[in-house]
Amino acid sequence: MTAGLVGLLVASLLLFASILAGLLSARLGAPLLLTFLGLGMLAGEDGPGGIAYDNLDLSFLIGNCALAIILFDGGLRTPLATLQAAWAPALSLATLGVLITAGVTAAGAHWLFHLDPLHAFLMGAIVAATDAPAVFMALGHTGVTLRDRLRATLEVESGSNDPMGIFLTMACVALIQASGQAVGWGVAADFVRQMGLGLLLGWFGGMGLAWLTNRLELAAGLYPILTLAVCLLTFSGTALLGGSGYLAMYVAGIVYGSRRVRAKTMTCRFFDGLMWLSQITMFLLLGLLVSPHQLAGQAFLALGIAVILIFVARPVAVALALAPFGFSMPEQLFAAWVGLRGAVPIFLALLPAMAGIDESRTYFNVAFVVVLVSLVLQGWTAAWVARRLGVALAPNPEAADKLEFDMLHQIDRDLVAYTVKPHSRATDFAFAELAVPDRVRVVTVIRDGAVLSSPEIDRLRADDVVLVLTPPALSLVVDRFFSRRFKSTAAHLRREHGDFFVDGASSVESLVRAYDLPLEGAASGLTVNGLLKGRIGSTVGRGDRLRVGPVELIVIDMIGRDIKEVGVRLCFEDDQPTDWRRRLRSFLAHGPLGPFVGRLLDRGR
Amino acid sequence: MIELITPASIIANLRASNKKQALQELARKASELTGQHERMIFDVLLERERLGTTGVGQGIAIPHGKLANLDRVYGLFARLERPIDFDAIDEQPVDLMFLLLAPEQAGADHLKALARVSRLLRDHAVCEKLRGSTSADALYALLTQTEASHAA
């Protein structure tokens, strides 16, 4: 009894310390996940904590639950629009990309460290999948804005490639256990069954969950719990039927997330919390499980694998998997760089040990070092690299400060409370001139704690709270009335975003006349917005480019699905090809090696 | 740049209190340089502004347009005495303006000239120097020399 309580005390202390440490690391700008890992190590056998934790079965069970939740949450956060814009390149990265990453890493491990091919491939498979939360955090917290399509691709990839990495690892473990008997087609058939069942049961799980949620009259607090129960049911059921429970979770998350269900806001927040708990637990566990004193002997191998993975395997995989999709070279380089590793390799590294494969400790140690190097090297530099490669756009107008309320799900309206930001449309125009869309209703305004009625308001002020009833389809448009206006962030625009700017609503004809574009007749009567949507497709997003004769049109700002601001970049031979050279030169001169390179150049003179 | 501007096409201390007045002043000066109607130039500039502001940010504006009877591409630089609201993309007041006028059939020459002006004025160091100079000669020297050194 007392032992159990002590265990609980230690676990809760660790959790508490993680949260505080997380707060600290945010101030220092250190990758959050790294902090949890470090804390686990401090508590572990070689740290001051001295906890000798070695329970693989328990770790595997916890890991499974945590991954299921992380994947469901990942799906839940993926809006359909993101999926529509990026499913093809993301799928290519998540299947072909993972296979190539694992293959190239394995080849490196085989040639450089003389691992036998199957063990080398197991090593590659363990570290092949990128980690959704790590990528989300690297992209989200750094304030870097990427082209919409690139961001969507990276996000969907990181959520959907885990099932592939897990499948490959499990298949390898099975092959090694069967001591390499020829089972070639068996693996392929197994792949089809796992992914097929995962997809199907995940879809059913998500639909069933949405249906149940809207059907059952429960105490409000029970809806998130219902979701959790159905989630884990789908996960374990799919896995027991021979499907990929991980894929089922991601699919179920997407399906459920796209439905209009009651208590959704509450459920999303609940899963946000669970996702954090899962992350913290996974990284604490890894820190506890690893024995730094054993690492010394294998540091060379592990670092070697990390370097091969980061600098060879991932870039090759990205280049091949993204080849048909028209991403620019800097974008591909950036995609290669943000292939962050996180919880999945750690979890997968447990499998060889559980299957009783020889030297299973090695896999664990390598996975540990790979994740560590990836988080430090890539996680810390993602924003810097984005700016250097020129893939960073001007920052998004800061997100609206809003609170959503769960309405009856039969009503097709969202109730949202906005806190008005300074420099927003709401503060810059008189209340009567705001021209909110027809179907949007301002319910009430609260200023300094007092409720105002509409006639009393001449102009909204920063920090007013505005209660708005809006159709869900218009919520993005409404956001823009209360968040900072685009123009207040436009100072960050650089020449790569356009020499000049035109309004999305202006006519193509006047644009053609001003810049001699070869578009006669083809585009008469169109607006610039209509032209770009027609040429790029309905999934057009910020940062997309269209070359028209001597100029490039760049989507700079969008409101909802409409293009608001367009950059006009003048392209000429004398600046285009030297662009990367200039960038390389400025990188050498102003990068971390700057002073050193400068001295070298001076000496050369 | 030397083909675009002469010392005569520099205004070292333009006085204007708003966007319209500044464009009118530039149109007047450009009409002296090119022999075209002031009103026509002003209308062409306004038409371009309707498409979207040419205040490209950081206090810079590059109004431009095309005229039927021009013999070549003309440039005109103005340093404003006091910064004015130009409805710029970043909402910052504008104090450096470069006007560019091109013949109707200029095609690539027009865009190349625009690209050069745009590149030159995105250079912070150049803009700071331009802001610090008060004589037309110094401004002319800055504009022409800096580009020469850029090209090298």
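## A guided tour of chain A

Begin by selecting helix 10 and helix 12 of chain A, where A:Tyr223, A:Pro224, A:Ile225, A:Thr227, A:Leu228 and A:Cys231 of helix 10 meet A:Met266, A:Thr267, A:Phe270, A:Phe271 and A:Leu274 of helix 12. By class, this contact comprises nine nonpolar and two polar residues, with no charged ones. The model on display is a predicted one.

Next, show both helices in full: helix 10 of chain A spans residues 222–240, and helix 12 of chain A spans residues 264–289. Their axes come within 8 Å and cross at roughly 60°. Helix 10 of chain A is therefore oblique to helix 12 of chain A, since an angle counts as roughly perpendicular only from 65 to 115 degrees. The crossing of these two helices is right-handed.

Now move to strand 8 of chain A, residues 551–559, and select A:Asp557 within that strand. Is A:Asp557 buried or exposed? A:Asp557 has a relative accessible area of 2% and is therefore buried, the cut-off for burial being under 20%. To view its surroundings, display A:Arg480, A:Phe486, A:Arg542, A:Asp562, A:Ile563, A:Lys564 and A:Glu565; A:Asp557 touches each of these, residues up to four places away in sequence not being counted.

Finally, select the whole of chain A, which has 23 helices and nine strands. Of its 605 residues, 51% count as buried. Among contacts in chain A with a separation of 6 or more, 75% join residues 24 or more positions apart. With the surface displayed, chain A exposes about 26900 Å², of which carbon and sulfur atoms supply 65%.

Conventions. Residues numbered from 1 in each chain as written. Chains lettered and ligands numbered in written order. Predicted model: local features only at pLDDT ≥ 70, side-chain atom pairs only at ≥ 80, totals over all residues. Heavy atoms only, no water. Helix = DSSP H or I, 4+ residues; strand = E, 2+ residues; numbered from the N terminus. Buried < 20%, exposed > 50% of the residue type's maximum accessible area, 1.4 Å probe, protein only. Contact = heavy atoms within 4.5 Å. Axes fitted to C-alpha atoms, helices over the stretch in contact; angles between N-to-C directions. Parallel < 35°, antiparallel > 145°, perpendicular 65-115°, else oblique. Left-handed = near helix turned anticlockwise from the far one by under 90°. Nonpolar A, V, L, I, M, F, W, Y, C, P; charged D, E, K, R; others polar. Areas by Shrake-Rupley, 256 points an atom, 1.4 Å probe, with all protein chains shown as cover.
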